[in-house]
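Look at the model below. Start with its strands, then move on to one of its helices.

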Amino acid sequence: MKQALCLQHVPFEGPGVFRQALAERQYRIETLLVPQQDLPPTPPDFLLVMGGPMSVNDSDPWIDKELRFIRHAIEAGVPVVGVCLGSQFMAKALGGEVRPGPRLEIGPVPLTRTVEEDADAVFGTFPLHFTVFQWHGEGLTLPPGALLLASSEFYPVQAFRYGDRAYGLLFHLELEVEGVEALCRECVTDVQRAQTTTEALLASASDVLPECHRLAARLITHLAT
């Protein structure tokens, strides 16, 4: 059985529906809380890099170690999916920049697909306009050599692909309702800054998450087969 490694940065942002999608494709999934646990010496067969409230520009020593680990995994041809903070880790590891965005994006946000199917076999099959669940205040620049996959009004780089097997997603396809509840509970200040409520976020999540999960399964299927 192949090994998938999920890099978590806080306990409440885990693999979500990615876990089931990978298990259905015969991957054994291990989770690692990077700020507290050592990274393995070699990359796994599949790498997930999840979100978190910190910034890749923070000075914590573990951040540089994770950046090097991600770069090594991508260069080794390992399938990699980075979500939110994870996409920012990928971007910085590949020579892009991460910087504060023009506004905090929390909840459903409409995106525009920027590629056709002949350019990307996954995102090229997404609807031209689709809505995803977001929770971030920083954005990223497109790493040199990467392909832009999706954009939004306030964040031009919402998704990118580097090489054939590394996808960075500024948004959350993997979140389940329990994950939204955890974010609302653990990141109360964000909810207040966004001038919304837990009740409003949970109500909107129930509308957008089913489509997010279908897109998540499509991405994992592509990378795991």
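## Strands and a bent helix

Strand β1 (residues 2–8) runs parallel to strand β2 (residues 27–33), and seven bridges join them. Two strands pair if DSSP finds at least two bridges between them. Helices (H or I, at least four residues) and strands (E, at least two) are DSSP runs, numbered from the N terminus. This is a predicted model: local features need pLDDT of at least 70, side-chain atom pairs count only at pLDDT 80 or more, and totals for chains, interfaces and linings use all residues. Residues are numbered from 1 along each chain as its sequence is written, and side-chain values use heavy atoms, without hydrogens and water.

β1 also pairs with strand β3 (residues 46–49): four bridges join the two, which run parallel. Here are some facing residues.

| Residue in β1 | Opposite residue |
|---|---|
| Lysine 2 | Tyrosine 27 in β2 |
| Leucine 5 | Leucine 47 in β3 |
| Glutamine 8 | Leucine 33 in β2 |

Six of the seven residues of β1 are buried, so β1 is largely enclosed by the rest of the structure. Buried means under 20% relative accessible area (1.4 Å probe, protein chains only).

β1, helix α1 (residues 17–23) and β2 form a right-handed β-α-β unit. Right-handed means that, with the strands pointing away from the viewer, the path from the first strand over the helix to the second runs clockwise.

Now to helix α6 (residues 198–224), which bends by about 40° at valine 208. The bend is the angle between axes fitted to the seven residues ending there and the seven starting there. Proline 210 follows within four residues. Buried residues of α6 include Leu201, Val208 and Leu219.

Methods. Buried < 20%, exposed > 50% of the residue type's maximum accessible area, 1.4 Å probe, protein only.
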